[in-house]
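Let's take a walk through a protein model together. Keep the 3D view open while you read.

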Amino acid sequence: MKQSQLFPKTRKEAPKDAESVNHKLLVRAGFIDQLMSGSWTLLPLGLRVVAKINQIIREEINAVGGQEMLMPLLHPKEIWSETGRWDKADEIMYKLSDARKKEYVLSFTHEEIVMDLLRKNIKSYQDLPVAVYHFSTKFRNEPRARSGILRGREFMMKDLYSAHTDEKDMVDYYEKVKGAYVKIFDRLGFNFKVVEASGGVFTEKRTHEFQVLNANGEDEIFACDKCDYAVNKEIFEGKEQELCPKCKKGKIEKKEKTVEVGNIFPLGTWYAERMHVYYTDEKGLKKPVWFASYGIGPTRVMGTLVEVSHDDRGIIWNKAVAPFNIHLLELPGGNGKDIYEKLKEKGVDALWDDRDVPPGEKFADADLIGIPVRLVTSERNGDKVEWKERNSEELELLSIDEVLKRLEE
Ligand code: ATP
Ligand code: MG
């Protein structure tokens, strides 16, 4: 796309109230805009990144049999009263009522809604297992929405829910999804740990969090000094720390700052018992459905990528999620149109800086926006282009064919 048409323009200054790196850089570079505390627009560049993150998640969740659908966000009070969470989760819920005094909540999660779907549709063991998911908005009344897009009061989540005949089937599938999450966060390029945690308003059971190591993170984990085992702060403080339960050699005492990007919950039969979600087994006996849920926050993932990958000039996206493959800068005497068309023909998604602004401004914007490869066409470069990667200082002069070949690799 032509940069002259891209909405909005970049900004030199970060918003005055911006404290975190992701807030400053994503706003300056034109990826997000803040409507009020915790409430963000994904601008065209930001939506491109989130769409790529979502596609990676979608591919890995589909690979473990998840079926994508879309559930509503406005829920009746009654369904949340069935599990008691209308009261128990009062603090994080946005509740509202209409002109006829009927009460609702804006979704902060969807367990109850999936349970309702299951009780209408599951009859026998032959109807199980089921794994369904969606990408949609969550609303949570977060007390401290200060970390830019890492903590929204309205944010995007991929939530997957699975239902099973028994504990073993649930645990086996839970492990499979854990594996899918590892693949997702590897593909996103994170340095992360799978951490034992508690379940908050979701469950009494142990859960697993996916925590990205980052010095500015709000969370704290405690890792084994000999193996990859780790627990979150709540669990660390709640028990006597002896030898690592996994390797039986190391000590769990290495404290690290992290950002939580995913959390999976083996919920068991608690929800089915309260919402009467039963199936008949092979012997004709009525049994409660075993249930688990699995969340990732794609908008938080975008912010976390910026926290872990930037320099003092701007963002450094990796290829997997960059808003464009190429940033083509046209300086006086260059042939931007030709190169742009050739890239387009080969399916390379380029942002073409066709604006009539000084070269210095183009270079600064390219560094700020952070697309992994920058090409410069100019009078000096003739029919070649200058190739520079965002995370390197090396400049190379290449023909267009060489560029196309390199992009195929
Ligand atoms: P936190 O402890 O950071 O408040 P949480 O444990 O309450 O998060 P979960 O209910 O586990 O969050 O939600 C699943 C995922 O959704 C999280 O791992 C995170 O990626 C994302 N997420 C949760 N809360 C927010 C938020 N306020 N803004 C953006 N993403 C969020
Ligand atoms: Mg969590």
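Below we go through the domains, the ligand site and a few backbone oddities.

**Two domains and where they meet**

First, keep in mind that this is a predicted model. The domain assignment splits the protein chain into domain 1, residues 11-311, and domain 2, residues 324-408. If you take the centres over C-alpha atoms, domain 1 and domain 2 sit 38 Å apart.

So how many residues of domain 1 are in contact with domain 2? There are nine on the domain 1 side, and they touch six residues of domain 2. Putting the two domains together buries about 680 Å², and carbon and sulfur atoms account for 54% of that area.

There are charges at work here too: two salt bridges turn up across the interface of domain 1 and domain 2. As for polar contacts, two residue pairs between the domains are counted. Which helices help build the domain 1 side? Both α1 (21-28) and α2 (44-63) provide at least two residues each of the surface that touches domain 2. The largest share comes from α2, with three residues. Sort the residues on that side by class and you get four nonpolar, five charged and no polar ones.

One salt bridge worth finding in the viewer joins the side chains of Arg 390 and Asp 311, with N to O at 2.8 Å.

**Around the ligand**

Now move over to ligand 1, which has 15 residues around it. Which of them come nearest? They are Glu 142, Arg 151, Gly 152, Glu 260 and Val 261. Three side chains in that group have an N or O atom beside a polar atom of ligand 1, as the table shows.

| Side chain | Atom of ligand 1 | Distance |
|---|---|---|
| Glu 142 | nitrogen | 2.8 Å |
| Arg 151 | oxygen | 2.8 Å |
| Glu 260 | oxygen | 2.7 Å |

**Some backbone oddities**

Most peptide bonds are trans, and most residues other than glycine have a negative phi. With that in mind, have a look at these spots.

The peptide bond from Phe 7 to Pro 8 is cis, with omega near -10 degrees. You'll find Pro 8 in the segment before α1. Another cis bond runs from Leu 128 to Pro 129, where omega is near -5 degrees. Pro 129 belongs to the loop between α5 (111-121) and β7 (130-139).

Then there's Lys 248, whose phi is positive, near 60 degrees, although this residue isn't a glycine. Look for Lys 248 in the loop between α7 (233-238) and β13 (252-268).

Technical notes:
Residues are numbered from 1 along each chain as its sequence is written. Chains are lettered from A and ligands numbered from 1 in the order in which they are written. This is a predicted model: local features need pLDDT of at least 70, side-chain atom pairs count only at pLDDT 80 or more; totals for chains, interfaces and linings use all residues. Side-chain values use heavy atoms; hydrogens and water are left out. Domain bounds come from an automatic or database domain assignment. Contact means heavy atoms within 4.5 Å. Buried area is the accessible area (1.4 Å probe) that two parts lose on being put together, summed over both. A salt bridge is a side-chain nitrogen of Lys or Arg within 4 Å of a carboxyl oxygen of Asp or Glu. A polar contact is a pair of N or O atoms within 3.5 Å; within protein, one must be able to donate a hydrogen and the other to accept it, and residues adjacent in sequence count only if both atoms are side-chain atoms. Helices (H or I, at least four residues) and strands (E, at least two) are DSSP runs, numbered from the N terminus. Ala, Val, Leu, Ile, Met, Phe, Trp, Tyr, Cys and Pro count as nonpolar, Asp, Glu, Lys and Arg as charged, and the others, Gly among them, as polar. A residue is near a molecule or strand if one of its heavy atoms lies within 4 Å of it.
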